[in-house]
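Here are my notes after going through the model you sent. Have the structure open while you read.

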Amino acid sequence: MSATAEKRAVAPASHPEWVSRMVEVPPVPATAARQNEGLARELESGNILFLPRLPFPLSDEDRAFLLAQKQTDAGYHKNIAYRPAEERLTGAGKMPARDAARLKSILKAYSEWAARFLTERVAEYAGRWVRDFASYRPIEEKGREARLTARNDLAHVDAFPTRPTHGDRILRVFANVNPAKGRVWVTSETFEGLAERFARQVGIPKAGSGGKVFGIMAKALGIRQWSRSPYDAFMLRFHDFLKENSEFQRNCIKQQWEFPPGSCWICYTDMVSHAVLSGQFALEQTFLISRHAMTLPEKSPIRILERICGHALSN
Ligand SMILES: [Fe+2]
């Protein structure tokens, strides 16, 4: 692979299949047989799809506008987010209304492009998702300050405190819009290996035990979307466990990747353990893909956990 490099691997994985690979994909399929690309299987196996040149049509003017955004940690939320369902921008803080409107329109276009791309290239998933938030990440990740469990530079798998998935999958489409600098990630073992090693130590909730007050309230109100399943409760604890585990952070296997300027990459971040070491100016769109759309259902984190504990973790 020319544009991105595997820099080093520290310590062998406990199982060779439990390490993420980079899979380069052309911006348009080589043949008309799109369904045969097998991209769903690559994603579900814990691999990262990599497109060296961003297929999202970003104009020079819009790129210049994005690069001019000087977001600071003090003034804004963690990221600027676009919520497609509400057509709303959040986290823009004191940004002038005209700039906020422009940023919203760029994020909306990126969000819609990502949905079209997935529909065309991963036909198995088409329409079987919730299009979650898109985000813009203008802060330099290197040296970025955050509380420990919010740090991006510690290896983890994703879980959302406010959007429980009940076993549905977190798929993210990233784009590096920085014209000069790559975005550097480290990946460790996939969830499959990490769960095998740590799930019992973290503790898998018993059937019927979901979130705390948040979940109970949501249940009482009949809002399944907000109510945490035992699976969601576990994934949140697992996210924090990995970040708080200094021995794991120090000694886990590490593969370092650099996503160059103008590249795009896609992966299941609930499967690919990742840390962002450096990089500034990235776009991202999250999809919550139905667990029932998986081509390799046995590789879903919920099925891996259910195999380990022997009981259902969501209904
Ligand atoms: Fe993450």
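1. Asp158 counts as buried because its relative accessible area is 7%, under the 20% cut-off. His156 goes the same way: at 5% relative accessible area, His156 is buried too. Bear in mind that this is a predicted model.

2. Both residues belong to the metal site. The iron ion takes its protein donors from His156 (NE2), Asp158 (OD) and His274 (NE2), lying 2.2 Å from the ion. If you want to find the donors along the chain, look for the spacing H-x1-D-x115-H.

3. On to the sheet. It's an open one with 8 strands and mixed pairing, and the order reads β1-β2-β9-β6-β11-β5-β3-β4. β1 (22-24) and β4 (88-90) sit at the edges, each pairing on one side only. On average, neighbouring strands are turned by 20° against each other, ignoring direction.

4. One strand pair to check by eye: β2 (residues 48-51) runs antiparallel to β9 (residues 264-268), with 3 bridges between them. Within β2, Phe50 stands opposite Trp265 of β9.

5. Now the packing. The largest nonpolar core has 70 residues, and the members touching the most others are Tyr125, Phe191 and Leu305. Helix α3 (residues 97-121) is the top contributor to this core, giving 10 residues. Another core lies apart from it, with 11 residues, including Met22, Phe174, Phe259 and Val276.

6. Which residues does Tyr125 contact, leaving aside neighbours within four places in sequence? Tyr125 meets Ala40, Leu43, Glu44, Leu171, Tyr268, Ile289, Ala293 and Met294.

Technical notes
Residues numbered from 1 in each chain as written. Predicted model: local features only at pLDDT ≥ 70, side-chain atom pairs only at ≥ 80, totals over all residues. Heavy atoms only, no water. Core = buried A, V, L, I, M, F, W, Y, C linked by side-chain atoms within 4.5 Å. Buried < 20%, exposed > 50% of the residue type's maximum accessible area, 1.4 Å probe, protein only. Helix = DSSP H or I, 4+ residues; strand = E, 2+ residues; numbered from the N terminus. Contact = heavy atoms within 4.5 Å. Pairing = 2+ DSSP bridges. Axes fitted to C-alpha atoms, helices over the stretch in contact; angles between N-to-C directions. Donors = N, O, S within 2.8 Å, 3.2 Å for Na, K, Ca; no water.
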